[in-house]
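Trainee: Could you walk me through this protein with a few questions and answers?

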Amino acid sequence: MLHKFKKLAPIVEWGTLLLSTGLVCFFLCVILYDIFTKGSHVLSWEFVSKLPSDGMTRGGILTPIIGTVFLTLITALFSIPFGICCAIYLNEYAENTWLTRTIRASIRNLSGVPSIIYGLFGLALFVQALNFGTSILSAGLTLGLLSLPYIITTTEEALLRIPRSMREAALAVGATKFESIKDVVLPASLPGILTGIVLTLSRAAGETAPILFTGAAFYITNSFGNLNQEFMALPYHLYMLSTQHQSIEEVRPIAYGTALVLIIVVFLMNLTAFYIRYKFRNNEK
């Protein structure tokens with residue numbers, strides 16, 4: 001009886017896995033089909049190149065697109081350098097002590113903190129304590145804090161994949177530890193680092209809760225690079241059109257079009273991450 005159970009166990013495991021995967025893919029396809037069919041007829045060059053007008057009941061979504069681009073750039077400028085440097089220190093310089101293990105565990109735990117908590121923290125720190133006000137700068141720094149644990153984790157994992165022998169070979173020919181990291185370790189781990197960065201930024205670009213408290217506006221017409229003013233962003237714009245607008249039924253087509261644009265942006269960023277990994281792997285071969 002036990003022998004038969006052992007034979008059936010792999011079949012049950014694979015069957016459960018395939019069923020779960022099929023269900024997830026099915027519901028994903030249903031959602032994407034609904035958004036595509038209801039948003040594709042709105043999508044046009046005018047839709048992505050015109051400013052919103054008449055309380056967002058007409059016009060396009062150029063202002064939210066520009067706000068999302070600036071927000072992502074600020075997030076990248078704040079989180080990428082700090083994240084990579086922190087990962088390099090933890091993996092290459094820090095000793096394996098209880099303090100280092102505690103720091104690593106804390107970083108992993110921060111990855112699981114709900115994004116709305118980051119929004120409240122950004123409100124307290126950047127908007128009120130540092131007096132940046134509700135602005136795109138406060139929102140970008142808040143998303144930078146949210147992105148830091150992911151970038152640190154993915155960068156450290158990419159560094160861990162590099163064999164210790166490569167470091168030792170660089171040291172053996174007279175290179176310093178810094179030179180071995182700069183010239184050997186980082187170039188070899190670059191595909192994993194870039195992939196993690198792109199995937200993290202694509203997640204940050206779709207966040208709504210952190211920018212809800214720190215600078216996202218319901219409707220403005222000029223969000224073109226002033227770091228001290230409020231801004232519009234695609235995820236918050238979609239949220240407002242879907243739940244808070246005074247004429248929800250009238251703007252529903254615009255909401256579906258906005259959702260489709262946001263999905264396309266996130267999909268392209270994820271596709272870029274996969275392309276980077278594929279390209280570097282082929283170069284290594």
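The turns below go from the whole chain to helix pairs and then to single residues.

Trainee: Happy to start wide. How many helices and strands are there in the protein?

Mentor: Keep in mind that this is a predicted model. From the N terminus on, the elements run α-α-β-β-α-α-α-α-α-α-α-α-α. The count for the protein is eleven helices and two strands.

Trainee: And what share of the residues is buried?

Mentor: The C-alpha atoms fill a box of roughly 70 × 60 × 35 Å along the principal axes. Among contacts between residues at least 6 apart in sequence, 74% join residues at least 24 apart. Of the 285 residues in the protein, the buried ones make up 39%.

Trainee: Let's turn to helix pairs. Are α3 and α4 parallel, perpendicular or oblique to each other?

Mentor: Helix α3 covers residues 62–93 and helix α4 covers residues 98–111, and their axes lie 11 Å apart at an angle of about 140°. Angles over 145 degrees would count as roughly antiparallel and those from 65 to 115 as roughly perpendicular. That angle therefore makes α3, relative to α4, oblique.

Trainee: Is the crossing of α3 and α4 left-handed or right-handed?

Mentor: On the α3 side, Cys86, Leu90 and Asn91 take part, and they meet Thr100, Ile103, Arg104 and Ile107 of α4. By class, this contact has four nonpolar, two polar and one charged residues. The crossing of α3 and α4 is left-handed.

Trainee: How many nonpolar residues does the contact of α3 with α6 have?

Mentor: Helix α6 spans residues 136–160, and α3 packs with α6 at an angle of about 40°, the axes being 6 Å apart. The crossing of α3 and α6 is right-handed. Besides nine polar and two charged residues, the contact has nonpolar ones numbering 22.

Trainee: Now a single residue in α6. Which residues does threonine 153 touch, beyond those up to four places away in sequence?

Mentor: Threonine 153 lies in helix α6, and its relative accessibility is 13%, so threonine 153 counts as buried. Its side chain reaches the backbone oxygen of proline 149 at 2.8 Å. Not counting residues up to four places away, threonine 153 touches Ile107, Arg108 and Ser111.

Trainee: With which side chain does the side chain of glutamate 207 make a polar contact?

Mentor: Glutamate 207 sits in the loop between α8 and α9. At 11% relative accessibility, it falls under the 20% limit and therefore counts as buried. Beyond its neighbours within four places, glutamate 207 is in contact with Ser115, Leu143, Leu146 and Pro235. The polar contact, at 3.3 Å, is with the side chain of serine 115.

Trainee: Pro235 belongs to α10, I believe. How many residues of α10 are buried?

Mentor: Helix α10 runs over residues 234–243 and is mostly covered. The buried residues are Leu234, Pro235, Tyr236, His237, Leu238, Met240 and Leu241. Out of ten residues in α10, the number buried is seven.

Trainee: One last residue, aspartate 183. Is aspartate 183 buried, exposed or partly exposed?

Mentor: Aspartate 183 lies in helix α8, residues 177–205. Its side chain is joined to that of lysine 182 by a polar contact of 2.9 Å. Its relative accessible area is 47%, and the class in between runs from 20% to 50%, so aspartate 183 is partly exposed.

Trainee: How far apart in space are aspartate 183 and threonine 155?

Mentor: In sequence, aspartate 183 and threonine 155 are 28 residues apart. In space, taken C-alpha to C-alpha, their separation is 16 Å.

Terms used:
Residues are numbered from 1 along each chain as its sequence is written. This is a predicted model: local features need pLDDT of at least 70, side-chain atom pairs count only at pLDDT 80 or more; totals for chains, interfaces and linings use all residues. Side-chain values use heavy atoms; hydrogens and water are left out. Axes are lines fitted to C-alpha atoms, for helices over the stretch in contact, and angles run from 0 to 180 degrees between N-to-C directions. Helices (H or I, at least four residues) and strands (E, at least two) are DSSP runs, numbered from the N terminus. Angles under 35 degrees count as roughly parallel, over 145 as roughly antiparallel, 65 to 115 as roughly perpendicular and the rest as oblique. A crossing is left-handed if the near helix is turned anticlockwise from the far one by less than a right angle, and right-handed if clockwise. Contact means heavy atoms within 4.5 Å. Ala, Val, Leu, Ile, Met, Phe, Trp, Tyr, Cys and Pro count as nonpolar, Asp, Glu, Lys and Arg as charged, and the others, Gly among them, as polar. Buried means under 20% relative accessible area, exposed over 50%, partly exposed in between (1.4 Å probe, protein chains only). A polar contact is a pair of N or O atoms within 3.5 Å; within protein, one must be able to donate a hydrogen and the other to accept it, and residues adjacent in sequence count only if both atoms are side-chain atoms.
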